[in-house]
Structure formats: structure tokens, C-alpha cells
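Reader: Could you take me through one part of this structure in detail? I would love a close look at the place where the two chains meet.

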Amino acid sequence: MHELNISQWVNEYGDQLYRYALPRVSDSEIAKDLVQDTFLAAWRNVDKYKGEASEKNWLFTILKNKIIDYYRKASTRNEERISDVNEDAYYFNDDGHWSEKAAPNDWGVDYNEPINQKEFYEIVEKCKKKLKEIQNAVFSMKYLEGYESEEICKELNITPSNYWVLLHRAKVQLRACLEKNWFIQ
Amino acid sequence: MISKKEEGKISFIERIQLWQHLLICSLCKLFMKQNKLIASLIPEAEKKSVASLSDKEKQQIVDAISNAN
């Protein structure tokens, strides 16, 4: 493939791929790198591309695999595991009840009503960015991809108890961050 | 356990334990409601995203691929 085609590709699909990657990794630099790696892998394998899927689907398939690889690496790097009690100590007392400073407050909204303001979703991204990579990986696989817990454990090579703790911590932190930065400012 | 219930991965005993706990833990009930809302909104973030790569960033990608040749 010559340079003109690469430019065309990047111009046509770059933003779409980036918008897909960004909420899944919650880091603009990492998302950009994954998009670049996707184009690079596509370009290197262009001979194998038989035109069975559309170019767009082909690129998205590559990107999805790159994102899973990134999650796996985050899981390997994850030193946290469930023994990290300090993280829970802020939110919960020794008896397992909510600590006073971190207890949820009623947001005074209809909890069944969707939120349409785009500013809210900017806050969501900021809050997700504060999660640890592995927490974000578990959370995104569950809520963006809709994977079952067994699949997530298998892909990330974590135990079910690790999974539930990571998901729980992600939820607790995200909820607290959204409460502080949006619902109750 | 709330997360487990959401996924339907909860045993009968756990279901009773959770029910008992929620009877006395109003904060947990609130947590559950709030998380249900958050979970329903997460996929919207992607749909509403207007994030894009700048022309410069796109050119950097093109250059990186050309140079990798």
C-alpha cells in the first residue's frame, strides 16, 4: 500500500477507531497508540486481507484485539490483587459498613432517567481515568463490551474473587467521583 | 454481592443474605440504585463522544507507518 492510501485510511477511519478506543482505555495517548498499532498491523497484513469483511470491520477487529491485549498486559502488571485493604479502608469501616466520609448521598434525581448533557459524559471519562488500569479493564469489559464474568476472568487470567473485588472497587470509586463532580457539587 | 446478583451469578443462600442485608442497609440500596443508573449510562458515553484526532496526530500516524516500511 502506498502512502496515499494510508493517508486516506487514517482520514477516513482514524477518528472512528479513536472514539471506540478512548472510553475503553480512558487515556488519550494509549488510545492513539492503539489506533496507530491498528493501522500498522493492517498495513503489514494487507496482503492477507481478502476483502471478505469491509475495510472498516477489518480495522475494528484488529483494534478490538489490540484492546484485549492491552487489558491483558494491564492485568499482568497488576500488583494490587485483593489483599490491598488500604483502598477499601477509605470507603468502609472495619465492620464492613460505609465510612461516614464516603457514604453515598441521595442525588435527588430520578434514577431511571437518562442523562443527556454531554458535560456529564466528559466527567464520566475523567472519573474512569482515575481508576487503575485493571479496574478500568474489568469495568469496561463488563459495561461496554457486555462480557460475562467467566470470559473476563479467562481473558485477564484472574480469579473470580479477584474479579468481583476489582469490579466492586471500580464501581465504588466511579460512583464517588461522579457524586462529587456532578450530582452533588 | 450486588454485582453478582446483577449478573445472575448469585446462589440461593447469597440471595437471602443480600435481601437481609438490604433490609437494614439503606446506603447499600442507594448504592445499588446509583450504580444501576451509572451502568446504563456508560454505553452512552461512547455514542456521545466527539473525540477526534487532530490533523497533526493523523499525520504522525501516517508518518509512523511510512517509516516502519
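**Where chain B meets chain A**

Author: Happily! Between chain B and chain A there are 3 salt bridges. Do keep in mind that this is a predicted model. One salt bridge to look up joins the side chains of A:Lys32 and B:Glu57, with 3.5 Å from N to O. Beside the salt bridges, you can count 8 residue pairs in polar contact between the two chains, with both residues of a pair at pLDDT 80 or more.

Now turn to the chain B side. Three elements of chain B each give two or more residues to the side that touches chain A: helix H1 (2–6), helix H3 (26–47) and helix H4 (55–67). H3(B) gives the most, with 16 residues. Sorted by class, this side of chain B holds 20 nonpolar, 8 polar and 10 charged residues.

How many residues of each chain are in contact? On chain B the number is 38, and they touch 54 residues of chain A. Together the two chains bury about 4,300 Å² between them, and 69% of that area lies on carbon and sulfur atoms. If you would like particular side chains to display, try B:Phe31, B:Ile42 and B:Ile65: these supply 14% of the area that chain B buries against chain A, more than any other three residues.

So much for the tour; a good view to start from has H3(B), with its 16 residues on the side that touches chain A, and the A:Lys32 to B:Glu57 salt bridge.

Note on methods
Residues are numbered from 1 along each chain as its sequence is written. Chains are lettered from A and ligands numbered from 1 in the order in which they are written. This is a predicted model: local features need pLDDT of at least 70, side-chain atom pairs count only at pLDDT 80 or more; totals for chains, interfaces and linings use all residues. Side-chain values use heavy atoms; hydrogens and water are left out. Contact means heavy atoms within 4.5 Å. Buried area is the accessible area (1.4 Å probe) that two parts lose on being put together, summed over both. A salt bridge is a side-chain nitrogen of Lys or Arg within 4 Å of a carboxyl oxygen of Asp or Glu. A polar contact is a pair of N or O atoms within 3.5 Å; within protein, one must be able to donate a hydrogen and the other to accept it, and residues adjacent in sequence count only if both atoms are side-chain atoms. Helices (H or I, at least four residues) and strands (E, at least two) are DSSP runs, numbered from the N terminus. Ala, Val, Leu, Ile, Met, Phe, Trp, Tyr, Cys and Pro count as nonpolar, Asp, Glu, Lys and Arg as charged, and the others, Gly among them, as polar.
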